[in-house]
Amino acid sequence: MQTRLDKFISESMAISRADAKKLVSKSAVTVNGTIVKKSDIKIDTDTDEVKANGKTLTSEQFVYIMLNKPVGVVSASTDKNDVTVIDLVKDDFPRRNLFPAGRLDKTSTGFVLITDDGQFAHDILSPKHHVPKTYIVTVDNPVTDEVVQAFEDGVTLADGQLMKSAAIIPYEDRYTAKIILHQGVYHQIKRMLGVFDIGVNTLHRTHIGSLELPADLQPGEYVKLTKEQLLQITNNMFTKS
Ligand code: URA
């Protein structure tokens with residue numbers, strides 16, 4: 001496939017276009033063994049060998065994107081009425097078949113992972129792998145010690161479903177809390193808190209695994225994950241019998 005050199009470098013190394021151009025201008029990039037000086041030349045990803053700092057670059061098979069979902073946007077690929085998380089990113093990834101790996105409610109905000117890697121999405125969502133997800137909630141009734149204990153023991157939802165053990169850590173005011181879940185049931189937090197007559201005012205996802213949504217990533221903004229960041233999601237995966 002023909003592509004621009006700086007685009008290829010930035011996608012392959014998960015760095016910005018500007019940083020890719022810098023590498024070229026620093027003479028750190030070779031194409032078929034020759035140092036190149038211009039970053040807008042076309043290369044053929046199937047036949048040309050591109051190296052940066054001596055390392056051969058390969059074209060990326062899959063892409064992984066961290067989005068800060070704003071309120072009102074739905075976690076779906078397409079929707080008749082609402083803006084979707086894919087609508088927010090798709091112009092930058094025209095040839096990718098992207099979808100959200102997991103859902104946040106329309107009213108919730110924060111970390112949504114978007115990818116075209118079906119196996120990866122399946123793995124991180126599988127209850128077998130226990131990838132923790134961390135949320136900050138604000139609520140309309142205090143989170144008592146009984147609620148903390150009940151979350152730890154496993155809450156039974158109104159429909160009889162028993163949830164896995166989860167952590168809820170109230171802040172001093174008891175109207176804000178951190179919640180860590182190891183499974184993803186529809187409206188899970190709202191339903192778990194609902195059992196105790198606690199209503200959710202706001203719900204924001206801050207982490208998937210140990211990867212934190214950067215505080216300076218504004219609602220609607222997104223970044224591609226580096227390999228190291230991806231590992232922060234998958235290194236939490238383990239299988240419990
Ligand atoms: N639990 C909920 O109730 N809503 C979310 O968006 C995520 C977890």
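Colleague: Which domains give residues to the shell around the ligand?
Modeller: Domain bounds here come from an automatic or database domain assignment. Domain 2 (64-127 + 211-234) and domain 3 (132-208) both contribute to the shell, so the ligand lies between them. Keep in mind that this is a predicted model, where local features need pLDDT of at least 70, side-chain atom pairs count only at pLDDT 80 or more, and totals for chains, interfaces and linings use all residues. Residues are numbered from 1 along each chain as its sequence is written, and side-chain values use heavy atoms, with hydrogens and water left out.

Colleague: Okay, and which residues surround the ligand?
Modeller: A residue is near a molecule if one of its heavy atoms lies within 4 Å of it. Here that gives Leu 104, Asp 105, Ser 108, Tyr 135, His 187, Gln 188, Ile 189, Lys 190 and Leu 203.

Colleague: What polar contacts does the ligand make with Asp 105 and Ile 189?
Modeller: A polar contact is a pair of N or O atoms within 3.5 Å. An N or O atom in the Asp 105 side chain is 2.7 Å from a ligand nitrogen atom, while a backbone N or O atom of Ile 189 lies 3.1 Å from a nitrogen atom of the ligand.

Definitions and conventions: A polar contact is a pair of N or O atoms within 3.5 Å; within protein, one must be able to donate a hydrogen and the other to accept it, and residues adjacent in sequence count only if both atoms are side-chain atoms.
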